[in-house]
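Hi,

Here is the structure I promised to pass on. My notes on the ligand site and the sheet follow below it.

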Amino acid sequence: MQNLFSCTLGQHVTHVAAVDSIDEIVRMHSDIERSVLWVCDTNTRRFLPDDLHAVVLPSGEVSKNWTSIERIVTVAKERGLARDSKFLAVGGGVVCDMTAFAASIYMRGCAVSLVPTTLLAMVDASLGGKTAIDLLGAKNLVGTFYPAKEVFVCAQALGTLGDAEFRNGLGEVLKHAVLSPDDSLATFLSENRMPILQRDATVLEQMIMASLAVKRHYIERDPTERHGIRDALNLGHTFAHALESVGNLSTWSHGEAVAWGVVRALQAGVAEGITDKAFARRYSRLFGEYGFEIDWKVSDIPAFLAALESDKKKRGSMVRFVLMAGQGQHILRSLDAQLVTELVS
Ligand SMILES: NC(=O)c1ccc[n+]([C@@H]2O[C@H](COP(=O)([O-])OP(=O)(O)OC[C@H]3O[C@@H](n4cnc5c(N)ncnc54)[C@H](O)[C@@H]3O)[C@@H](O)[C@H]2O)c1
């Protein structure tokens, strides 16, 4: 195991380490097995030994509900776990979110460690402390802020991940490159495209750590998203959510929509005189090099604008788009419907 860095979020500190295999984490916990609750899903059960007791959730977003939380805390109670016990998640963003949420309320809070196994969970969901379930038809409606004590990154685990899921995470990595205070992640992505796409574990580990460093740069200064700093991480997401809700991308991953949305935000910045053209061109090209469909045209503009409007109602405020004033410098701006229409059609 290699300790890499810590991330301080208010009172909480998350230690991030890289491991060569998930077996290494299992071995590390073998002495305290009775005070550890392992949680995984039907696809990530394969990473744990057959004889290790684990709560196995159905895979996917369907598990982001009270039923999962109740199952985790019920098993924790049955196994006699106390407040000084540890919940340990092995899975994608869903398993990480469910395990951390359950840990945050079990006996008013016990420790949680995460072993993210999707690229999205490695570069995004595992760091930052947000936990939530979907409820009443709303995504992430109920949740807590509860950072993990440890995050163990095992790039080797990405070998079994499907292509759509891998690209889902890549979209977020490229977004982090735009948000990075310098262009080192962008350069790394340009120079290592083949090994990244071929999933070379050593190169992926470097990419994941650089991507997490960008996320840390934003969340440490605004742990609970109150100062407009952490909002930067929503770059491209307003466009992406509207696109997803009009169904144009039903066969594409969320990451594809985010990639498209980031490019729209760069173009919006150019149109508003905020973003330098060469900067926008460089990053649009990078998304293109990774095979993201960045020129997709929305066919149903009224539905797209209505989706943006409903996003606004959900947040109870103006929709503010994240635009880029330069490398790592974001600005929150509302955009008029005419400009949005021009950008997506
Ligand atoms: N807490 C946060 O800050 C945060 C940030 C971003 C996303 N999220 C949440 O994360 C969730 C999405 O996460 P996700 O994209 O990881 O989805 P996911 O957890 O549903 O995983 C995607 C699929 O990949 C499978 N899988 C996971 N690892 C695998 C592996 N190594 N090999 C083969 N299959 C594997 C899973 O079983 C699942 O079927 C959403 O619910 C989202 O709201 C949370």
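A polar contact here is a pair of N or O atoms within 3.5 Å; within protein, one must be able to donate a hydrogen and the other to accept it, and residues adjacent in sequence count only if both atoms are side-chain atoms. The model is predicted, so local features need pLDDT of at least 70 and side-chain atom pairs pLDDT 80 or more, while totals for chains, interfaces and linings use all residues. Numbering starts from 1 along each chain as its sequence is written, and side-chain values use heavy atoms, with hydrogens and water left out.

First, the ligand. At Lys 130, a backbone N or O atom lies 2.8 Å from a ligand nitrogen atom. Oxygen atoms of the ligand also have partners: a polar side-chain atom of Asp 41 at 2.6 Å, and a polar backbone atom of Gly 93 at 2.8 Å. On its own the ligand has 860 Å² of accessible area (Shrake-Rupley method, 1.4 Å probe), of which the protein covers 87%.

The shell (residues with a heavy atom within 4 Å) holds 27 residues, and Asp 41, Glu 61, Thr 118, Lys 139 and Thr 160 are the closest. Both domain 1 (2-161) and domain 2 (164-344) contribute to this shell, so the ligand lies between them; the bounds come from an automatic or database domain assignment.

Then the sheet. Seven strands (DSSP E runs of at least two residues, numbered from the N terminus) form an open sheet with mixed pairing in the order 1-2-9-6-5-3-4. Pairing requires at least two DSSP bridges, and strand 1 (2-9) and strand 4 (54-57) are the edges, each pairing on one side only.

Best wishes

Note on methods: Helices (H or I, at least four residues) and strands (E, at least two) are DSSP runs, numbered from the N terminus.
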